[in-house]
Structure formats: structure tokens, C-alpha cells
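User: I'm new to reading protein models. Can you walk me through this one, a question at a time?

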Amino acid sequence: MAGRAWWIDQGHGGSDQGASTRKWWRAWLPFPRRPKIIEKDFVRGVGGKLADRITGDGDNAYVTRYFDESVSLAERVRQFNLRRSDVVLSLHANASGSWTTPIGGLGQGFEVWYDGLDETGESQRLAEFIVREFHEDFA
């Protein structure tokens with residue numbers, strides 16, 4: 001994949017914190033002592049690590065935000081189009097009451113969106129790979 005341009009959209013930011021939970025944090029800690037995990041911070045960190053890994057493999061990686069700031073959907077699309085990215089990832093971490101499919105959905109856990117119109121299936125395979133890697137690194 002060397003030479004591709006990746007756009008990593010870390011969901012939420014600024015006043016939009018996204019989901020929050022204490023469930024994901026080290027199950028051996030008693031519940032009241034578990035730190036609160038906030039989606040906007042979590043996906044910003046994961047996105048930064050993913051960008052580092054991608055650039056280490058010879059590709060170019062761009063992220064939506066480096067700081068805790070609000071970025072509108074229109075601005076996210078503008079940035080993506082400006083960079084003419086080959087791959088676009090939108091990272092989210094959900095915290096509702098139930099688990100869903102391995103590649104995300106409207107449930108609980110890490111979520112990666114992909115292009116459902118991609119007839120090659122490459123987008124879905126990439127999303128599944130990222131989620132598998134995430135679960136191996138953070139489970």
C-alpha cells in the first residue's frame with residue numbers, strides 16, 4: 001500500500017465529547033475507581049497512533065484534528081477533498097448497552113466506517129483489519 005494518502009477522521013472533539021464510559025478500563029479495577037473514558041480523547045489518541053504506523057510504512061497520513069477542537073462535518077469533508085485521500089477512516093468508540101457486529105454499528109466498542117459502495121470489498125476488508133488489530137492491542 002506504500003504511497004497512499006490516508007485521511008483519519010477522529011470523531012467528535014471540542015464541546016462534542018461523544019460517548020463516555022468506565023466499562024472499558026481495566027476490568028480488575030473496582031468500578032468507582034475506573035477513570036472515565038471520553039470518546040473524543042480516546043479516538044484522537046488511537047488516530048494519532050494509527051497515523052504514526054501508516055507513515056512508518058511509507059504512506060502519508062493526515063488527521064482531522066491534533067488538539068481537542070470542534071471540527072464541523074463540512075470542514076472534515078473539505079479537508080478530505082483537499083488532500084485527495086485514497087483511504088478515509090472515521091474512528092468512533094460507542095458506549096450503548098449492547099454489542100454489535102465486529103466492524104461496528106450502533107452499539108458498544110470501537111467502530112470504523114467504510115465505503116459500502118466499494119465493489120472491490122477493499123474498504124470493508126481494511127475496516128475489519130483495523131478492528132481486529134484494535135482488539136488485539138487493547139483487549
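Analyst: Sure! Helices (H or I, at least four residues) and strands (E, at least two) are DSSP runs, numbered from the N terminus. Keep in mind that this is a predicted model, where local features need pLDDT of at least 70 and side-chain atom pairs count only at pLDDT 80 or more, while totals for chains, interfaces and linings use all residues. Residues are numbered from 1 along each chain as its sequence is written, and side-chain values use heavy atoms, with hydrogens and water left out.

User: OK, where does His12 lie?

Analyst: Look at the stretch linking two strands, strand 1 (5-10) and strand 2 (20-21). His12 lies in the loop between strand 1 and strand 2.

User: Is His12 buried, partly exposed or exposed?

Analyst: Buried means under 20% relative accessible area, exposed over 50%, and partly exposed in between (1.4 Å probe, protein chains only). His12 has 22% relative accessibility, so His12 counts as partly exposed.

User: Which side chain does the side chain of His12 make a polar contact with?

Analyst: A polar contact is a pair of N or O atoms within 3.5 Å; within protein, one must be able to donate a hydrogen and the other to accept it, and residues adjacent in sequence count only if both atoms are side-chain atoms. For the side chain of His12, such a pair is found at 2.9 Å, and the partner is the side chain of Asp16.

User: Now strand 1. Why is it called largely enclosed by the rest of the structure?

Analyst: Ala5, Trp7 and Asp9 point one way from strand 1, Trp6, Ile8 and Gln10 point the other way, and all are buried. Strand 1 is largely enclosed because the number of its residues that are buried is six of the six.

User: How many bridges join strand 1 to strand 4?

Analyst: Two strands pair if DSSP finds at least two bridges between them. Strand 4 covers residues 60-63 and runs parallel to strand 1. Trp7 stands opposite Tyr62 in strand 4. The number of bridges joining the two strands is four.

User: Which residue does Asp9 meet in a salt bridge?

Analyst: A salt bridge is a side-chain nitrogen of Lys or Arg within 4 Å of a carboxyl oxygen of Asp or Glu. The side chain of Asp9 has its partner at 2.2 Å, N to O, and that partner is Arg76. Asp9 sits in strand 1 and the partner in helix 2 (residues 73-83), so the pair ties together parts 67 residues apart in sequence. At 11% relative accessibility, the partner counts as buried, and its name is Arg76.

User: What forms a salt bridge with Asp68?

Analyst: The closest N and O atoms of this pair are 2.9 Å apart, and the partner of Asp68 is Lys40. Asp68 is in the loop between strand 4 and helix 2, and the partner is in helix 1, so parts 28 residues apart in sequence are tied together. With 11% relative accessibility the partner counts as buried: Lys40.

User: Last one: why are the buried residues of helix 1 on the same side?

Analyst: Helix 1 (residues 39-56) has 18 residues. Among its buried ones are Phe42, Val43, Val46 and Leu50, while Lys49, Asp52 and Gly56 are exposed on the other side. The buried residues of helix 1 lie on the same side because they cover an arc (taken from the directions from the helix axis to the C-beta atoms) of only 165 degrees.

Conventions
The expected span of a helix is 1.5 Å times one less than its number of residues.
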